[in-house]
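Trainee: Could you please take me through this protein step by step? I am new to reading structures.

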Amino acid sequence: MRYLLAGILALSVAGCSGSGSTTSPSDASVTGTWVGAINNTSLGRENLTTALVQSGTTVSGTWSALYESTPVTNYSGLLAGTKTGTAVSLTLTPAPAVATPECSYTYNATLSTSTLMAGTFVSFNCPNGVVDSGTLTLTKQ
């Protein structure tokens, strides 16, 4: 009986440590839809949705944001950047119809898992010297 239990335990441990399909964050592709929230913005909480496409270390795609303010404010546009290891660096540029393209945002994040990234964002080149910054966590859908 003791040998039977030892054999079952050994098989269980071997099954858990096998070559599963988990991908380390540094090897994971960021291609897909990511959603999350920006906190500490001058307009209040911002819900962000991005559609990312990764080719090598280059990342491109689109984004849309909904500020939970009164009145509710929506923005959208294009994004471009890089993913190197676990580091993701993006520049989000608004569409000309919603804001001046010069007023862009940088997002610098770290992938902690293949489906979770968190970091900081800051606006730059915005009219009247407005600077908006905060933290952003995105989850892959």
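**Overall architecture**

Mentor: The protein contains one helix and eight strands. Please keep in mind that this is a predicted model.

Trainee: In what pattern do they follow along the sequence?

Mentor: Along the sequence, the pattern reads α-β-β-β-β-β-β-β-β.

Trainee: How confident is the prediction, and what share of residues score at least 70?

Mentor: The average pLDDT of the protein is 80, and 71% of the residues score at least 70. Residues 1-21 need caution, since pLDDT stays under 50 there. For that stretch, the model has zero contacts beyond four places in sequence.

Trainee: What percentage of the residues in the protein is buried?

Mentor: Of the 141 residues, 29% are buried.

Trainee: And among contacts between residues at least 6 apart, what share joins residues at least 24 apart?

Mentor: That share is 36% in this protein.

Trainee: Let us change topic. How many aromatic pairs does the structure hold?

Mentor: The structure holds two aromatic pairs. In one of them, the ring centres of Trp63 and Tyr105 are 6.3 Å apart and the planes are at 75 degrees, so this pair is edge-to-face. The cut-off to remember is that planes over 60 degrees apart count as edge-to-face.

Trainee: Where in the chain do Trp63 and Tyr105 lie?

Mentor: Trp63 belongs to strand 3, residues 58-67, and Tyr105 to strand 6. The pair links distant parts of the chain, 42 residues apart.

Trainee: Is Trp63 buried or exposed?

Mentor: Trp63 is buried, with a relative accessible area of 4%. Tyr105 also counts as buried, at 15% relative accessibility. The threshold used here is under 20%.

Trainee: What about the rings of Tyr105 and Phe121?

Mentor: Their centres are 6.3 Å apart and their planes are at 45 degrees, so that pair is tilted. Tyr105 sits in strand 6 and Phe121 in strand 7, residues 116-124, so the pair ties together parts 16 residues apart in sequence. Phe121 is buried, as is Tyr105.

Trainee: Which residues do the ring pairs link into a cluster?

Mentor: The cluster consists of Trp63, Tyr105 and Phe121, linked by ring pairs.

Trainee: Next topic, please. How many cavities of 30 Å³ or more are there?

Mentor: The count comes to one cavity of 30 Å³ or more. About 80 Å³ of space lies in the largest cavity.

Trainee: Which residues line the largest cavity?

Mentor: The lining includes Tyr105 and Phe121, which we met in the ring cluster. Also among the lining residues are Ile38, Glu46, Leu48, Tyr67, Leu92, Thr106, Tyr107 and Leu136.

Trainee: Which elements give two or more residues to that lining?

Mentor: They are strand 2, residues 46-55, and strand 6, residues 104-113. Strand 6 gives the largest share, three residues.

Trainee: How do the lining residues divide into nonpolar, polar and charged?

Mentor: Eight are nonpolar, one is polar and one is charged.

Trainee: One last residue: where is Thr50 found?

Mentor: Thr50 is found in strand 2, one of the elements that help to line the largest cavity.

Trainee: Why does Thr50 count as buried?

Mentor: Its relative accessibility is 3%, and buried means under 20%.

Trainee: Which residues does Thr50 touch, not counting those up to four places away in sequence?

Mentor: Thr50 touches Gly32, Thr33, Trp34, Thr62, Trp63, Leu79 and Leu138. You will recognise Trp63 from the ring cluster.

How values were computed
Residues are numbered from 1 along each chain as its sequence is written. This is a predicted model: local features need pLDDT of at least 70, side-chain atom pairs count only at pLDDT 80 or more; totals for chains, interfaces and linings use all residues. Side-chain values use heavy atoms; hydrogens and water are left out. On a 1 Å grid over the protein atoms alone, a cavity is a set of points where a 1.4 Å probe fits but cannot get out, and a pocket is an open set with protein on both sides within 12 Å along at least five of seven lines; lining residues have an atom within 4 Å of a point. Grid points are joined across faces, edges and corners, and a volume is the space filled by probe spheres set on the points. Helices (H or I, at least four residues) and strands (E, at least two) are DSSP runs, numbered from the N terminus. Ala, Val, Leu, Ile, Met, Phe, Trp, Tyr, Cys and Pro count as nonpolar, Asp, Glu, Lys and Arg as charged, and the others, Gly among them, as polar. pLDDT is the predictor's confidence in each residue, from 0 to 100. Contact means heavy atoms within 4.5 Å. Rings of Phe, Tyr and Trp (its six-membered ring) pair if their centres lie within 6.5 Å; planes under 30 degrees apart count as stacked, over 60 as edge-to-face and the rest as tilted. Buried means under 20% relative accessible area, exposed over 50%, partly exposed in between (1.4 Å probe, protein chains only).
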